[in-house]
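Let's take a walk through a protein together, one step at a time. Keep the picture open beside you and turn it as you read.

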Amino acid sequence: MGFASLGLDQMLLDAVAAQGYETPTPIQAAAIPAILERQDVMAGAQTGTGKTAAFTLPILQHLMAAPKAQSDEKTPVRALILTPTRELAQQVYASVQAYGKGSGLRSVLVYGGASTNAQIEQLKGGADIVVATPGRLIDLMYKRAVDLRQVEYMVFDEADRMLDMGFMDELQRILKVLPAERQTLLFSATFDDEIFKLSKTLLNSPKLIEVDARNTAAIQVEQRVYAVDAERKRELISYLIGSQNWQQVLIFTRTKLGADALAKELNKDGLKTEAIHGDKTQGARDRALESFREGETRVLVATDLAARGLDIQQLKYVVNFELPFKAEDYIHRIGRTGRAGGSGLAITLMSEEENYLLEAVEEKLETRLPQQWMQGFEPDLTREVKKPPRRSSRGAQKKRARDRALGKSGSGKKANRRR
Ligand code: AMP
């Protein structure tokens, strides 16, 4: 099935062809006709599924079909797209620009970390579409720089992450000024009670779309878990990147400090590495990302929030330097690779203390993630585990770890250990 059968106008079909897209992704095939029919939509789709085009294309079509009233007054905002992070806002904005090139519609990007005045200036020219992060949008609302009272189309992109980041209050404040009569689209990688609660207040008889099995990660991603002692993780990842000649490796750490420290060490190992996290200026984050995209920086170390929604074409390698505390974050992280059909490899470095986190991920994915050892980096199974596991006794957990490891990849032999 091609894009033409979805009901899109020729201009948008041309725009899609110019991007090199040949067939709609499953989320596009399901969402585009529904949105064109003016239905509210609640879609379970992570980044990498083509969700941005799924909501952007039909909104552009609606806006083009009903041109704004001719008047001297500045254009009121007609479509509002909210995203949790600056990076995602930038990416969505770039897509809106690309797909809407010949549409004559104006779009403005509104996000924190960049000059407020420049954004106010841009809004003065009017905007059919605003792509925004919630905090800055509210600042601009209070400064009366943006008028949302005539919004016809509202998109919540990565709604789960907006709630995780504590944006509920901001969302409520924004919703208060929007007209009740509008079309609302909610996209979320994961669904829990909070999202369902939010959706009830937002959506009007929505069409539910789920493209993957519930909460499962993209299947094109090969997932490998290496059991390794925490203090040897840095050495192991450095060895893997070097010996396997991996380029463009995205590594996740839990903390900003951890990200900086790891980047420093990897640079010492001769791997050109940069870190991005919330304490870096927007300019520094943009530069680091650009250099990584261009292939000048080989390794990018990021915290979950900084990397949220990043779309890096052809990204092959994602590494969990530590397992995240929340199993959903694992899905978000490995969703950075294997995007829109490409294949990817997701490596997790797991120390024994993190076993319970792996179990939580396995539960979420409803699948076992076999552990293996890398020769020369085998974990010391005789040492004390610092944190007792939450769900089972230490002895039982150790035994399970040992059984699993022994049952898999025979590469680990204690006699071969380096230390
Ligand atoms: P998204 O999930 O919106 O972040 O999109 C992920 C990536 O898939 C982006 O790089 C898009 O350019 C790309 N993409 C979106 N739709 C398609 C399609 N139908 N065919 C091929 N690539 C696509």
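Is Pro379 buried or exposed? Bear in mind as you look that this is a predicted model. Pro379 has a relative accessible area of 7%, and a residue counts as buried when that value is under 20%, so Pro379 is buried. You will find Pro379 in the loop between strand S14 (371–372) and helix H16 (394–407). Now look for Asp229: it is 150 residues away from Pro379 in sequence, yet the two C-alpha atoms are 5.1 Å apart in space.

Let's step back and take in the whole protein. The secondary structure comes to 16 helices and 14 strands. Of the 419 residues in the protein, 56% are buried. Its accessible surface comes to about 18,300 Å², and carbon and sulfur atoms account for 48% of that. What about contacts across the sequence? Taking the contacts with a separation of 6 or more, 76% are between residues 24 or more positions apart.

Next, find two helices, H3 (residues 51–65) and H4 (residues 86–99). Their axes are 10 Å apart, and the helices pack at an angle of about 45°. Angles between 35 and 65 degrees count as oblique, and H3 and H4 are therefore oblique to each other. The crossing in which H3 passes H4 is right-handed. On the H3 side, the contact is made by Thr52, Ala53, Phe55, Thr56, Leu57 and Leu60, while H4 brings Val92, Ser95, Val96 and Tyr99. Sorted by character, the residues of this contact come to 7 nonpolar and 3 polar, with no charged ones. There is a handy rule to remember here: an α-helix has 3.6 residues a turn, so residues three or four places apart point the same way.

Zoom in on Thr52, which belongs to helix H3. Which residues does Thr52 touch, not counting those up to four places away in sequence? They are Val92 and Ser95. Thr52 counts as buried because its relative accessibility is 17%.

Another residue to visit is Gln28, in helix H2 (residues 26–36). With 3% relative accessibility, Gln28 counts as buried. Leaving aside neighbours within four places in sequence, Gln28 is in contact with Phe3, Leu6, Thr23, Pro33, Gly50, Ala53 and Ala54. You have already met one of these, Ala53, in the contact of H3 with H4.

Now move along to helix H10 (residues 233–243), whose buried residues are Lys233, Leu236, Ile237, Ser238, Leu240 and Ile241. What covers these buried residues? The cover includes strand S8 (221–227), S9, helix H11 (256–268), strand S11 (299–302), strand S12 (317–320) and strand S13 (344–350). Just after H10, look for Asn245, which takes a positive phi of about 55°.

Our last stop is Val249, in strand S9 (residues 249–252). Val249 has 0% relative accessibility and so counts as buried. Beyond its neighbours within four places in sequence, Val249 is in contact with Ile241, Phe292, Arg298, Val299, Leu300, Tyr317 and Val319. Ile241 in that list is also one of the buried residues of H10. To finish, trace the chain from Val249 to Thr297: they are 48 residues apart in sequence, and 9.2 Å apart in space from C-alpha to C-alpha.

Definitions and conventions: Residues are numbered from 1 along each chain as its sequence is written. This is a predicted model: local features need pLDDT of at least 70, side-chain atom pairs count only at pLDDT 80 or more; totals for chains, interfaces and linings use all residues. Side-chain values use heavy atoms; hydrogens and water are left out. Axes are lines fitted to C-alpha atoms, for helices over the stretch in contact, and angles run from 0 to 180 degrees between N-to-C directions. Helices (H or I, at least four residues) and strands (E, at least two) are DSSP runs, numbered from the N terminus. Angles under 35 degrees count as roughly parallel, over 145 as roughly antiparallel, 65 to 115 as roughly perpendicular and the rest as oblique. A crossing is left-handed if the near helix is turned anticlockwise from the far one by less than a right angle, and right-handed if clockwise. Contact means heavy atoms within 4.5 Å. Ala, Val, Leu, Ile, Met, Phe, Trp, Tyr, Cys and Pro count as nonpolar, Asp, Glu, Lys and Arg as charged, and the others, Gly among them, as polar. Buried means under 20% relative accessible area, exposed over 50%, partly exposed in between (1.4 Å probe, protein chains only). Accessible areas come from the Shrake-Rupley method with a 1.4 Å probe; for residues, only the protein chains shown count as cover.
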